[in-house]
Amino acid sequence: MTGILYHGQPNGPSFTVLAAAFEKGVDLDRRPIDLVAGERHGAALPHPIEVDQSIEGEGPVLIVGDVAMTDSVFLACYLDEVGSGPAIRPADPYARWQMMAWCRYVIERVAPAAAALGNAAAPPASVPAGIASADLAARWSQAVEGKVDEAQLADSRTKIAQAVEKLEAQLADGRDWLMGDFTIADLETHAWLAGMRGLVPEAFAAAPLTDAWEARLRARPAVAQALGLATVPEPEAIWAIGPEINRWG
């Protein structure tokens with residue numbers, strides 16, 4: 001497969017897609033961009049509706065031919081189809097539904113919370129030009145202006161703690177990976193939680209199963225390869241504007 005992947009530091013959605021590509025042996029033309037500086041909105045990238053309305057807000061863009069694709073879980077599913085490495089989605093229909101349901105939980109609850117906390121800790125310096133999505137542009141402006149909703153941040157910390165509790169419960173039967181076998185769910189969960197250890201340390205204070213799971217994940221060659229692409233000492237501390245907070249809790 002020939003494709004161009006515009007990606008940020010190996011954190012959040014960029015981590016998921018990079019690690020999935022390495023797991024599947026997909027050789028992409030990787031082009032690092034500064035997501036925090038808004039380079040995803042530069043002239044080098046096309047802006048079809050798929051990019052403008054990306055549910056993750058800011059993240060990698062995969063260009064194949066004249067088609068642009070976004071959103072880490074969907075991109076990882078695509079790479080699973082076109083790659084030659086071992087499957088990273090279950091073959092059983094119900095097991096695949098379970099994996100996607102888990103990923104939906106991460107996208108809708110964990111990712112917005114993590115992005116909100118990350119943006120509050122290190123807000124972007126300016127609003128980039130060229131943002132086509134009015135919603136995304138508004139959230140950039142709020143972050144730059146330091147408009148922090150303390151109740152929203154408290155709720156976000158609670159959601160991170162709940163996510164770790166969910167991991168502990170899922171791993172309690174002795175399994176190594178969240179779905180039994182290694183899947184996209186492991187990558188997507190780590191993508192959004194890795195940077196929370198420094199921001200919500202209390203959530204990980206008594207989570208030995210999560211600690212062991214993360215150690216296993218980081219030991220995978222594909223994950224190490226993805227993390228090795230970092231150009232900063234702490235890529236998990238780099239946060240572009242992320243998904244919108246779910247209005248319904």
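I began with the sheet of this predicted model, which I found to be open, built of four strands in the order 2-1-3-4, with mixed pairing. Strand 2 (29-32) and strand 4 (67-70) are at its edges, and because each has a single partner strand, one side of each is left without a neighbour in the sheet. I also noted the twist: neighbouring strands are turned by 20° against each other on average, direction ignored.

Next I looked up how strand 3 (residues 61-64) meets strand 4, and found antiparallel pairing over four bridges; within strand 4, Thr70 is the bridge partner of Val61.

I then asked which helices lie against these strands. Helix 1 (residues 12-24) packs on the sheet, where it touches strand 1 (4-7) and strand 2, and its direction makes about 145° with that of strand 1. Helix 3 (residues 72-82) lies across strand 3 and strand 4, and runs at about 120° to strand 4.

Turning to the interior, I found 59 residues in the largest nonpolar core, of which Phe15, Val110, Ile160, Trp192 and Met196 touch the most other members. Among the elements that give two or more residues to this core are helix 1, strand 3, helix 3 and helix 6 (150-170), while helix 4 gives the most, with 13 residues.

I followed Ile160 further: leaving aside its neighbours within four places in sequence, this residue is in contact with Val110, Ala113, Ala114, Leu117, Leu193, Met196, Val200, Ala203 and Phe204. Last, I recorded a second, separate core of nine residues, which includes Ile33, Leu45, Val61 and Ala240; Val61 is thus listed here as well as in the pairing with Thr70.

Conventions: Residues are numbered from 1 along each chain as its sequence is written. This is a predicted model: local features need pLDDT of at least 70, side-chain atom pairs count only at pLDDT 80 or more; totals for chains, interfaces and linings use all residues. Side-chain values use heavy atoms; hydrogens and water are left out. Two strands pair if DSSP finds at least two bridges between them. Axes are lines fitted to C-alpha atoms, for helices over the stretch in contact, and angles run from 0 to 180 degrees between N-to-C directions. Contact means heavy atoms within 4.5 Å. A nonpolar core is a set of buried Ala, Val, Leu, Ile, Met, Phe, Trp, Tyr and Cys residues joined through side-chain atoms within 4.5 Å. Buried means under 20% relative accessible area, exposed over 50%, partly exposed in between (1.4 Å probe, protein chains only).
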